[in-house]
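Q: Please take a close look at one part of this model, the meeting of its two domains, and then at what surrounds it.

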Amino acid sequence: MQRTGTIFDIKHFAVHDGPGIRTTVFLKGCPLSCLWCHNPESISRQPQLLFTPRKCIGCGYCVDTCPRGAHKLVDGRHVIDRESCAACGACAEGCYAGALEMAGRQVAVDEVMDEVLRDRTFHTNSGGGMTLSGGEPLAQRGFSLALLRAAKTEGLHTALDTSGFAPWELLEELLPHTDLVLYDLKHMDPERHAALTGVPNELILDNLCRLDSTGSPIWIRIPLIPGQNDDDPNYHSLGELLSHLENVDRVEILKYHRLAESKYESAGMEYALKGLVPPSSEELESRRQILMNHGLKESLLR
Ligand code: SF4
Ligand code: SF4
């Protein structure tokens, strides 16, 4: 079993990634590239350098340190040649202003579990546990399996947050060690799904039906992205699909927000949805209503 993997964060006291208070481990690497991804630093499997210009005090440490000459201060402006960066992390280590950070580090299962188990009292008192998120945990199958097994050995509740875009056998292998699957649905139309996320949705929908037939508890998560996947036909198709599933304990419609915009700048990535306005409460309510018209119980909707 794979005892090491790449993560980019461990979030303590998470309250939106399953029941109770949770410790969420974010794995790096995802086969999707959703236009609205709020963790753009999770997409690449490789560690990467993040730079926040407003924090830079122009000390020049990184310029002197980088063996590849990737940093330059030009007319008071900090310029990074990302093509030259080998993600060694040397500049970030000495940037005391916190303008440079590395996203992604190799860790061992035991190291992660030590950190997760620091929250054990909160897990126990709240009915919480450990959640694997990302990125896509199925993209690091062996590491995810080892983490879930270790958590179960410690008696923790485990949740797996997945896009479902992986061969069924990978998901199936993790299920005996997973108490809850958080399953994302982005769009029901295959072409729109591919345009929005970079991959088609047939495998995702097929895996969801298989998952449902195993009896595993499922929470469905649907991002609500104005102008991208909030149209009536999509919600009618979602409602139709949900009406045929038997083990869905919760459906969450996640309102788009703009908090991730600055992360794209830090990672040197283009943000395709710049300026997009989050949906109103009325819009959210009208989407909920469509799902309920297809028979979804209000008590399951969040
Ligand atoms: S080390 Fe940090 S604060 Fe100093 S110039 Fe580089 S990015 Fe700016
Ligand atoms: S991470 Fe390493 S290679 Fe990349 S800019 Fe910093 S010092 Fe240079």
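A: What follows describes the domain boundary, then the ligand shells, and last some local features of the chain.

The model is predicted, so local features need pLDDT of at least 70 and side-chain atom pairs count only at pLDDT 80 or more, while totals for chains, interfaces and linings use all residues. Residues are numbered from 1 along each chain as its sequence is written, chains are lettered from A and ligands numbered from 1 in the order in which they are written, and side-chain values use heavy atoms, with hydrogens and water left out.

Domain 1 covers 4–45 + 104–300 and domain 2 covers 48–103; these bounds come from an automatic or database domain assignment. Taken over C-alpha atoms, the two domain centres are 32 Å apart. Ten residues of domain 1 are in contact with nine residues of domain 2, contact meaning heavy atoms within 4.5 Å. About 680 Å² is buried between domain 1 and domain 2, with 48% of that area from carbon and sulfur atoms; buried area is the accessible area (1.4 Å probe) that two parts lose on being put together, summed over both.

Four residue pairs, both members at pLDDT 80 or more, are in polar contact between domain 1 and domain 2. A polar contact is a pair of N or O atoms within 3.5 Å; within protein, one must be able to donate a hydrogen and the other to accept it, and residues adjacent in sequence count only if both atoms are side-chain atoms. There are zero salt bridges between domain 1 and domain 2, a salt bridge being a side-chain nitrogen of Lys or Arg within 4 Å of a carboxyl oxygen of Asp or Glu. On the side of domain 1 that touches domain 2, helix α10 (residues 261–267) gives the largest share, three residues. Helices (H or I, at least four residues) and strands (E, at least two) are DSSP runs, numbered from the N terminus.

Next come the ligands. The residues around ligand 2 include C66, C85, C88 and C91, where near means a heavy atom within 4 Å. Ligand 1 has 13 residues around it, and C56, C59, G60, C62 and C95 come nearest.

Elsewhere, the whole structure holds 15 salt bridges. In one of them, K152 and D179 meet at 2.7 Å, N to O. K152 lies in helix α5 (residues 141–153) and D179 in the loop between α6 (168–174) and β10 (180–184), 27 residues apart.

The peptide bond from G134 to G135 is cis, with omega near 10 degrees.
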